[in-house]
Amino acid sequence: LASGLSLANHTIEASRLLDRLVIISRRVHGSDHKQTKTAESWRQRLQLRCAFIGCEQQPYEALRYENDGKSCVIQGPVPS
């Protein structure tokens, strides 16, 4: 569901859903359980803001915008 929301550009709703999922998964399964770690990983990936340069397939992390949004400060590439 969170993936579908994210793909439909409803990232805030997807983020809230994953936040709740992580909390519930920690309570039910514990912090070291595979399901909890998977939910945490999805949440981290959703919060990452990515930018692509030209036709490169590697994503870069968008840190901030400058010059009234005309330029973007990036870091990366982000490991997949």
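Me: Where does Pro-77 lie relative to strand E3?
Reply: Pro-77 lies in the segment that comes after strand E3, which covers 71-75 (helices are DSSP runs of H or I with at least four residues, strands are runs of E with at least two, and both are numbered from the N terminus). This is a predicted model, in which local features need pLDDT of at least 70, side-chain atom pairs count only at pLDDT 80 or more, and totals for chains, interfaces and linings use all residues. Residues are numbered from 1 along each chain as its sequence is written, and side-chain values use heavy atoms, with hydrogens and water left out.

Me: And which residue is joined to Pro-77 by a cis peptide bond?
Reply: That partner is Gly-76, and the omega of the cis bond is about 10 degrees.

Me: OK, stepping back, how many helices and strands are there?
Reply: The protein has three helices and three strands, and along the sequence they follow the pattern α-α-α-β-β-β. With a radius of gyration of 15 Å, well over the 12 Å that the globule rule gives for 80 residues, the protein is more spread out than a compact globule (the radius is taken over C-alpha atoms, and the rule is 2.2 Å times the number of residues to the power 0.38).

Me: What does the C-alpha trace span along its principal axes?
Reply: The trace spans about 45 × 25 × 20 Å.

Me: Different topic: what share of the residues is buried?
Reply: Of the 80 residues, 19% count as buried (under 20% relative accessible area is buried, over 50% exposed and in between partly exposed, using a 1.4 Å probe and protein chains only).

Me: Is Glu-40 buried or exposed?
Reply: Glu-40, which lies in helix H3, counts as buried because its relative accessible area is 17%.

Me: Which residues does Glu-40 touch, then?
Reply: Leaving aside residues up to four places away in sequence, Glu-40 touches Val-22 and Arg-26, where a contact means heavy atoms within 4.5 Å.

Me: What about the loop between E2 and E3, where Asn-67 sits; what is the phi of that residue?
Reply: Asn-67 has a phi near 55 degrees, a positive value in a residue other than glycine. Asp-68, which lies in the loop between E2 and E3, also has a positive phi, of about 55 degrees, although it is not a glycine.

Me: Are those two buried or exposed?
Reply: Asn-67 is exposed, with a relative accessible area of 55%, and Asp-68 counts as exposed at 82% relative accessibility.
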